[in-house]
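Grab a pencil and have a go at the exercises below. Try each task on your own before you read its solution.

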There are 2 protein chains.
Amino acid sequence: MSKKIVVIGAVAAGPKAACRLKRLQPDWEITLVDQDSLISYGGCGIPYYVSGDVSDESELRATSFHVVRDPAFFNNAKGVQVMTRTRALAIDRQAKKVRVENLDTGDQHDLAYDQLMLATGARPFELPIPGADLDGVFTIANLHKAIEIRKRISQGKVSRAVVIGGGAIGIEMAEALTDLWGVETSLLELEPQLLPCIVDWPFAAMLKQHLMEKNVSVYTGESAMHLIDDGQGKVIGVQTGLRRLEADLVIMAVGVRPRSELAREAGLAVTPWGGIKVNQRLQTNDPDIYAAGDCIATTSLVTGRDTYAPLGSLANREGRIVADNMAGIPAMFKGVCGSFIMKAFDRCIAATGISYEAAQFEGFDADYALTSPPDRAHFFPEQAVVILQLVFDRRSRRVLGLQAFGMMNDSISARVDAAAALIAKGGTIEDFATVEMAYAPPFSSAIDSINAAAYVAENLCDHRLRRIDLDHFLRWMNDMDREPDWAILDIRHPLEAAPYVEKFGADKWVALQYEQVRARQGELPTGKTWIIVCNAGTRSYEVQVFLDHLGKTDSMVLCGGLNVISRLGVDWFST
Amino acid sequence: MSKKIVVIGAVAAGPKAACRLKRLQPDWEITLVDQDSLISYGGCGIPYYVSGDVSDESELRATSFHVVRDPAFFNNAKGVQVMTRTRALAIDRQAKKVRVENLDTGDQHDLAYDQLMLATGARPFELPIPGADLDGVFTIANLHKAIEIRKRISQGKVSRAVVIGGGAIGIEMAEALTDLWGVETSLLELEPQLLPCIVDWPFAAMLKQHLMEKNVSVYTGESAMHLIDDGQGKVIGVQTGLRRLEADLVIMAVGVRPRSELAREAGLAVTPWGGIKVNQRLQTNDPDIYAAGDCIATTSLVTGRDTYAPLGSLANREGRIVADNMAGIPAMFKGVCGSFIMKAFDRCIAATGISYEAAQFEGFDADYALTSPPDRAHFFPEQAVVILQLVFDRRSRRVLGLQAFGMMNDSISARVDAAAALIAKGGTIEDFATVEMAYAPPFSSAIDSINAAAYVAENLCDHRLRRIDLDHFLRWMNDMDREPDWAILDIRHPLEAAPYVEKFGADKWVALQYEQVRARQGELPTGKTWIIVCNAGTRSYEVQVFLDHLGKTDSMVLCGGLNVISRLGVDWFST
């Protein structure tokens with residue numbers, strides 16, 4: 001028997017569900033409703049449209065075979081009816097109908113449904129600060145805003161911009177403005193680091209350093225107090241707590257919130273932060289109403305708790321699962337690891353699972369292995385260092401997350417994607433130590449970087465490796481008198497160590513090459529607590545084991561080594 | 001109490017085990033024995049050394065911090081004794097000692113052990129054909145051979161070469177010779193396809209086509225009968241069953257065999273094909289003797305049966321596990337998926353798990369989903385088509401393998417590595433449908449290529465998608481009279497379809513654009529069995545579902561579409 005299906009929201013989850021369902025149940029009558037005129041677009045591509053990498057906005061709305069996904073396309077090719085510029089006003093769950101309004105005519109009418117899907121998405125959060133409504137201030141709410149931003153830039157109206165918000169979209173927009181248009185761009189983030197809650201501070205610091213090298217002025221721990229008016233309603237700058245930044249364009253990218261008013265008003269269960277609650281079949285507490293995409297609360301596969309993961313990729317997968325369940329094919333969406341990846345100029349930064357900071361907050365017996373291996377065979381010409389951090393629970397030895405920062409290529413994808421597959425299955429350090437990464441010198445190391453990170457995690461768990469935390473190390477480097485007995489044991493090549501010995505003095509920075517430690521350890525001054533450093537941290541670990549064996553058991557290893565330090569933008573030599 | 005450990009073989013597994021064990025048990029006396037003078041090298045890097053990408057052979061023997069791993073290095077830095085040019089002659093398991101011979105002096109003596117490790121590696125198989133011992137004929141047995149090959153090339157002594165063996169090493173060597181040295185190179189493979197037993201024939205055919213485009217002359221299904229002598233003991237050519245190929249250099253890369261004579265003679269269990277049998281702790285049937293690396297039989301995580309996986313990456317992981325177990329830390333090596341990846345000029349080809357052909361042979365209810373999605377967001381400028389095939393068992397819905405062919409970058413690594421992580425855990429099609437691949441347009445599609453392949457697999461399993469096999473399709477294209485009722489329904493853009501309609505005639509090749517099928521299906525001639533084609537196969541599936549709904553249930557979809565056909569080197573237009 002034919003059923004009537006109404007889907008509210010036609011960007012990602014909605015169209016995916018509608019089209020899949022029409023294939024599963026060709027007799028059913030499926031209606032997609034959206035308040036916008038532009039639908040079914042790749043919102044994640046907006047920064048690449050603004051930058052000009054994607055030449056026309058219609059490409060974000062086109063299929064891979066270059067046909068624009070407009071209402072006619074859905075009707076003709078998919079057999080799905082689309083009502084654009086149509087806002088859903090209210091759901092009558094008793095009568096099973098949705099009240100909608102045509103935004104052009106103001107006409108209202110009811111759409112009856114047998115099953116309803118909410119794919120209402122998210123809306124950008126707007127900072128409640130004076131001037132937020134000035135001309136020239138944008139959120140990245142939809143394609144229309146993106147089109148307007150690019151128009152202004154391409155007309156030469158923008159020479160300075162401020163992006164408020166150091167999350168992924170803010171950073172991508174800052175790159176788009178700087179890299180391709182040469183707009184002098186500042187990036188403001190209220191929190192002390194970029195990508196807060198996504199990566200741990202060293203990764204954020206490496207990213208910040210790269211952005212600064214690429215001429216983005218990054219201000220972290222600094223908030224926008226108000227936007228400055230030219231007296232005629234146009235923005236000319238941003239006043240922060242510390243400075244005034246001139247700007248012809250201000251982009252607010254301070255996060256998004258689930259669009260769930262319709263659900264809440266219909267009496268559906270919603271989390272305190274607005275995510276529509278769904279079960280693993282993506283049903284709300286009304287079994288005839290499903291929800292998917294940026295409007296729902298999903299489950300973290302790491303913590304087991306509610307989380308928010310507004311991503312087009314998840315929306316699509318969820319949409320398909322809604323269609324299956326509506327059609328009578330049982331399908332489940334178990335939750336998310338929270339995989340994240342982005343390009344930032346010449347670098348890639350990515351994460352999956354949870355950060356060390358989050359793991360501590362969640363009450364895990366959290367620890368981390370910070371490493372800096374090559375991203376492919378170290379003898380292969382194109383190899384480069386990648387910074388990798390595995391976060392784990394010492395008690396259960398379960399891996400909780402992985403973070404990576406390296407060159408802009410797909411090598412980090414491989415590590416993060418393999419890690420997510422394992423984390424979703426409750427993978428342990430031992431699973432990571434043996435996971436089979438396809439090996440050939442142009443792609444990976446014989447001991448893959450995630451195997452190697454797991455080895456470090458094992459050595460930490462089993463008390464074979466004692467680390468000094470990076471922040472602890474940096475604080476001491478800034479004030480060595482805090483721990484007068486501490487000294488660096490630099491086991492790199494003497495030529496690498498020499499400038500450090502000269503800078504810090506031979507009592508604080510002792511050079512003894514790795515290969516000679518066994519033979520010459522007797523020459524080391526006594527009474528020191530050694531902080532062992534090398535480039536990656538692996539040789540340092542070996543030397544620590546050796547010193548331990550001699551009974552000198554108070555040394556500490558700088559995990560990740562100077563490869564990490566050099567990427568943080570720490571400058572020990574300029575003063 | 002200190003123990004004496006002897007490790008036979010010092011290339012990958014042996015040194016890894018020795019060094020790890022010395023860290024775990026610094027008091028133990030560890031001796032590495034190898035018959036070669038050059039040890040601890042990255043054998044997988046040999047093709048890149050021959051090509052010149054790696055400038056000096058010592059780089060293959062160097063650490064990431066550029067120190068050569070010679071016996072002095074192992075002694076000084078690692079505390080491990082190394083005896084090179086020393087051959088292990090026999091193991092006396094009762095007395096727990098190994099008889100060794102110094103190959104320079106001929107002196108023999110015994111090494112006592114508490115625990116012994118066999119890391120004797122593999123030897124290249126030498127074809128038993130006349131002329132195999134001529135000057136100019138090489139196997140890739142060790143670094144010495146590689147050094148000699150490169151010397152001859154760089155001295156201008158090689159203008160034509162024949163590589164016998166179309167496995168990974170043979171292909172890599174053919175690339176090295178052709179690409180960087182301009183040597184006119186032929187590649188001979190006895191089996192009907194390249195990479196036999198590793199990938200299914202369409203993937204081998206795409207690879208062959210690319211090699212031919214890059215000026216490697218590839219002859220499959222053709223064997224070397226004998227090598228031709230210049231009358232003075234130097235090779236000048238290869239006589240195959242079909243032709244004579246001139247050559248100044250012949251490389252035999254016809255596979256390797258475990259070097260297990262020592263084990264067998266000591267009464268240790270060995271498979272019929274020579275792999276030393278080990279348990280999950282990598283112990284042989286003598287609990288004081290471990291074995292790892294290219295000399296052992298390991299377990300396929302897909303079939304549960306013995307398999308052979310001679311790879312430096314696995315050898316390293318196994319070596320560490322031997323060390324842990326010897327030191328009293330329980331550690332297990334459960335087996336391999338069989339992940340494989342290689343660069344071939346501008347392309348990457350990879351596989352994990354087993355092929356469709358192997359899955360049928362193993363008795364699975366085998367099926368496959370062949371797809372050709374973009375490797376990143378289809379609107380992102382650098383996107384390119386990747387050909388992906390998921391192999392699965394219809395009954396259990398377990399995924400058995402994944403194969404991929406695409407551009408030379410790391411994007412295929414990500415899919416194969418995530419797949420291997422899931423396959424090792426018994427992952428099903430549904431696991432692949434929801435596996436979380438990190439998404440941003442520069443890295444992936446909103447619906448990742450492996451999610452999409454799983455969707456196709458689901459549709460096949462659940463009888464929503466009916467496919468025509470590629471070989472069946474190609475046979476029919478060569479002789480359309482075999483099935484006079486069959487006709488192509490080409491749903492691509494009319495401009496794409498036009499040359500095909502002209503070539504094959506409007507009764508055999510009918511063009512009706514995808515977006516117009518619903519409206520104009522009534523115009524289709526009746527009495528035809530439609531083979532629906534598009535570029536990737538996804539639109540074809542939608543049209544099949546629609547035709548089914550109309551009761552026309554005999555259509556077939558060309559999965560992977562013309563994207564696959566165009567890469568096979570099929571030429572329908574030249575005649």
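Here come a few ground rules, then the exercises with worked solutions.

This is a predicted model, where local features need pLDDT of at least 70, side-chain atom pairs count only at pLDDT 80 or more, and totals for chains, interfaces and linings use all residues. Residues are numbered from 1 along each chain as its sequence is written, while chains are lettered from A and ligands numbered from 1 in the order in which they are written.

**Exercise 1. Size up chain A.**

Task: work out whether the radius of gyration of chain A agrees or disagrees with that of a compact globule.

Solution. Start with the rule: take 2.2 Å times the number of residues to the power 0.38, and take the radius itself over C-alpha atoms. For 575 residues a compact globule would come out near 25 Å, and chain A has 27 Å, so the two agree. Next, the box: along the principal axes, the C-alpha atoms of chain A fill roughly 90 × 60 × 40 Å. Then burial: 56% of the 575 residues of chain A count as buried (20 or more other C-beta atoms within 10 Å of the residue's own, with C-beta atoms placed from the backbone). Finally, count elements as DSSP runs numbered from the N terminus, helices being H or I with at least four residues and strands E with at least two; chain A has 17 helices and 29 strands.

**Exercise 2. Split chain A into domains.**

Task: find which elements of domain 3 of chain A give two or more residues to the side that touches domain 4 of chain A.

Solution. First the bounds, which come from an automatic or database domain assignment: domain 1 is 4–42 + 49–122 + 257–327, domain 2 is 137–254, domain 3 is 340–461 and domain 4 is 470–567. Over C-alpha atoms, the centres of domains 3 and 4 of chain A are 25 Å apart. Now the contacts (C-beta atoms, placed from the backbone, within 7 Å): nine residues of domain 3 of chain A meet nine of domain 4 of chain A. On the domain 3 side, the elements you want are strand E23 (366–371) and helix H12 (449–461) of chain A. E23(A) gives the most, three residues.

**Exercise 3. Relate the two chains.**

Task: say what kind of axis relates the two copies.

Solution. Superpose by least squares on the C-alpha atoms of residues with pLDDT of at least 70 in both. A turn of 180° with a shift of 0.0 Å along the axis lays chain A on chain B at an RMSD of 0.0 Å. The copies are thus related as by a two-fold rotation axis. The same surface serves both, as 100% of the contact residues of chain A recur in chain B. As for the interface, 77 residues of chain A are in contact with 77 of chain B, and H10(A) supplies the largest share of the chain A side, 10 residues.

**Exercise 4. Trace some strands.**

Task: find which strands stand at the edges of the open sheet in chain B.

Solution. Strands pair if DSSP finds at least two bridges between them. This four-strand sheet has the order E27-E26-E28-E29 (chain B), with parallel pairing. Strand E27 (509–511) and strand E29 (556–557) of chain B each have a single partner strand, so they stand at the edges. Three bridges join E26 (residues 486–490) of chain B to E27(B), and B:Asp490 has B:Ala511 as its bridge partner.

For contrast, look at chain A: E13 (residues 224–229) and E14 (residues 235–240) of chain A pair in the antiparallel sense over five bridges. A:His226 is bridged to A:Gln239. The hairpin has five residues between E13(A) and E14(A), and A:Gly231 in the turn has a positive phi of about 95°.

Technical notes
Contact = placed C-beta atoms within 7 Å. Buried ≥ 20, exposed ≤ 12 C-beta atoms within 10 Å, placed from the backbone.
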